[in-house]
Amino acid sequence: MAFVSQTQCASAIRSGKYERLYLFYGRDVGALEPFAKKLTSRLCPKEEQAMNLHRFDAQELDIEAFVDSVQVLPMFSDRVTVTLEGLNMDKITKAQGDILRKIIADIPDTTVIVITAAGESQYKNRRSLTDKNKRFAELCAKHGSVCEFAFKSVSDIAKTIKKQVEREGCVISQHDAQYLAQLCNCETSHVNKELEKLCSYANGSEITREDIDALCVRRIESDGFGLALAILRSNAQLVFERLYELRVQSYEPTQILAIINMSLSDIYRARLCRTAGKSYAECAKEFNYPKNREFAVRNAFNECANIGIERIRRMSMLLSNTEYRLKTRSMNTDDAFLALEQFAAEAMA
């Protein structure tokens with residue numbers, strides 16, 4: 001009964017060692033939800049679910065019905081399984097929270113509770129849960145297993161991609177697997193959707209970088225670094241072509257500025273650390289980068305050597321001024337995009 005890794009939790013489940021309580025939380029929804037679903041199926045096979053599986057949604061929680069389900073005896077089975085999905089301790093009432101904590105501390109031997117808290121809202125920053133969610137996780141760890149489904153690193157996701165591709169009878173290089181992982185921001189659900197498409201297209205052959213660029217959905221989050229770098233290097237054609245594409249995709253100018261700013265910050269940090277003689281790993285640690293964004297620092301380290309710090313600072317100031325204009329003045333879409341293009345042009349000058 002403790003905080004455990006995904007590997008430890010999966011190993012215990014495979015060996016048939018079940019806890020009476022599981023709390024799964026984290027940002028990687030695409031990994032968390034299938035894991036919880038498989039566990040629920042193991043605990044309560046399909047033929048037993050009508051009588052022994054009780055599902056609850058935390059957004060519409062009937063706490064009395066939840067308590068009754070936890071305390072009921074199993075029918076023609078070894079256990080009752082109770083699932084509570086979408087829990088956020090900041091969103092439920094104090095009375096509900098008090099009852100929930102009380103029942104968790106005294107779960108019957110014939111009941112297993114599986115609680116999921118997937119997504120971003122349980123966190124107060126990149127790494128830490130909000131105070132209420134943290135205290136609840138610590139309580140759960142005393143009575144069962146608590147497992148975080150954080151985004152994995154690019155290298156870990158790339159290994160998973162290669163295995164999935166091979167199972168489908170296709171191949172992909174390590175470099176292209178890492179490229180796809182970065183494109184999908186290491187989100188398991190996004191990776192799985194793109195792989196289904198790519199493997200179907202490849203039909204037993206190699207998945208190439210060209211296939212990925214042609215078939216995979218380009219998300220704005222994966223564009224920030226390329227745009228920031230292109231502006232710093234005065235690549236006007238690339239910058240304005242991509243800004244036009246983003247406009248056609250109905251992205252707001254403030255969204256585009258925000259994602260450029262995030263990547264510009266990565267470049268600035270990398271440039272400062274590189275000047276100070278530090279490695280990208282030291283930079284990532286110093287600025288508390290999560291595993292799924294360590295690649296951003298590595299990429300920035302590889303590209304920033306010939307970019308002057310003053311140029312980065314100037315672009316950052318221009319971006320800040322443009323963002324302030326967009327948020328403090330009334331502008332229609334055309335005027336807002338014109339302001340964005342003016343920022344890009346001035347920064348490349």
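A salt bridge is a side-chain nitrogen of Lys or Arg within 4 Å of a carboxyl oxygen of Asp or Glu. The legends below use this and a few other terms. The model is predicted: local features need pLDDT of at least 70, side-chain atom pairs count only at pLDDT 80 or more, and totals for chains, interfaces and linings use all residues. Residues are numbered from 1 along each chain as its sequence is written, and side-chain values use heavy atoms, with hydrogens and water left out.

**View 1. R233 and E303 meet in a salt bridge.**
The distance from N to O is 2.7 Å. R233 lies in the loop between α11 (224-232) and α12 (236-248). E303 belongs to helix α15 (residues 294-303). The two residues are 70 apart, so the pair links distant parts of the chain. Helices (H or I, at least four residues) and strands (E, at least two) are DSSP runs, numbered from the N terminus. R233 is partly exposed, with a relative accessible area of 46%. E303 is partly exposed too, at 30%. Here buried means under 20% relative accessible area, exposed over 50%, and partly exposed in between (1.4 Å probe, protein chains only). The structure holds 15 salt bridges.

**View 2. Helix α12 carries a salt bridge between R242 and E245.**
The side chains meet at 2.6 Å, N to O. The residues are three apart, about one turn of the helix. R242 is buried, with a relative accessible area of 6%. E245 is partly exposed, at 34%.

**View 3. R247 forms a salt bridge with D334.**
The closest N and O atoms are 2.3 Å apart. R247 lies in helix α12. D334 lies in helix α17 (residues 333-348). This pair also links distant parts of the chain, with the two positions 87 residues apart in numbering. R247 is partly exposed, with a relative accessible area of 32%. D334 counts as partly exposed at 49%. Elsewhere, K94, D98 and R101 are linked in a network of salt bridges.

**View 4. Y22 and F24 form a tilted aromatic pair.**
Rings of Phe, Tyr and Trp (its six-membered ring) pair if their centres lie within 6.5 Å; planes under 30 degrees apart count as stacked, over 60 as edge-to-face and the rest as tilted. A search of the whole structure finds six aromatic pairs. In the pair of Y22 and F24, the centres are 5.8 Å apart, with 40° between the planes. Both Y22 and F24 are buried. Together with F35 and F149, they form one aromatic cluster.

**View 5. F56 and F66 form an edge-to-face pair.**
The ring centres are 5.4 Å apart, and the planes make an angle of 75°. F56 lies in strand β3 (residues 53-57). F66 lies in helix α4 (residues 63-71). The pair therefore ties together parts that are 10 residues apart in sequence. F56 counts as buried at 14% relative accessibility. F66 is buried as well, with a relative accessible area of 0%.

**View 6. Two arginines sit over tyrosine rings.**
A charge sits over a ring if NZ of Lys or CZ of Arg is within 6 Å of the ring centre and within 35 degrees of the ring normal. The charged end of R27 is 3.8 Å from the ring centre of Y123. R209 lies over the face of Y179, at 3.5 Å from the ring centre.

**View 7. C273 and C283 do not form a disulfide.**
A disulfide is a pair of cysteine sulfur atoms within 2.5 Å. The closest cysteine sulfur to that of C273 is in C283, 3.4 Å away, too far for a bond. C273 counts as buried, at 4% relative accessibility. For C44, the closest cysteine sulfur is in C9, at 18 Å, again too far. C44 is buried, with a relative accessible area of 0%. The structure holds zero disulfides.

**View 8. M51, M75 and F76 form a nonpolar patch on the surface.**
Patches are made of residues with over 30% relative accessible area and no salt bridge: like charges are joined within 9 Å, nonpolar side chains (Val, Leu, Ile, Met, Phe, Trp, Tyr) within 5 Å. The three residues have about 380 Å² of accessible area together. M75 lies in the loop between α4 and β4 (80-85). M75 is partly exposed, with a relative accessible area of 43%.

Note on methods:
Areas by Shrake-Rupley, 256 points an atom, 1.4 Å probe, with all protein chains shown as cover.
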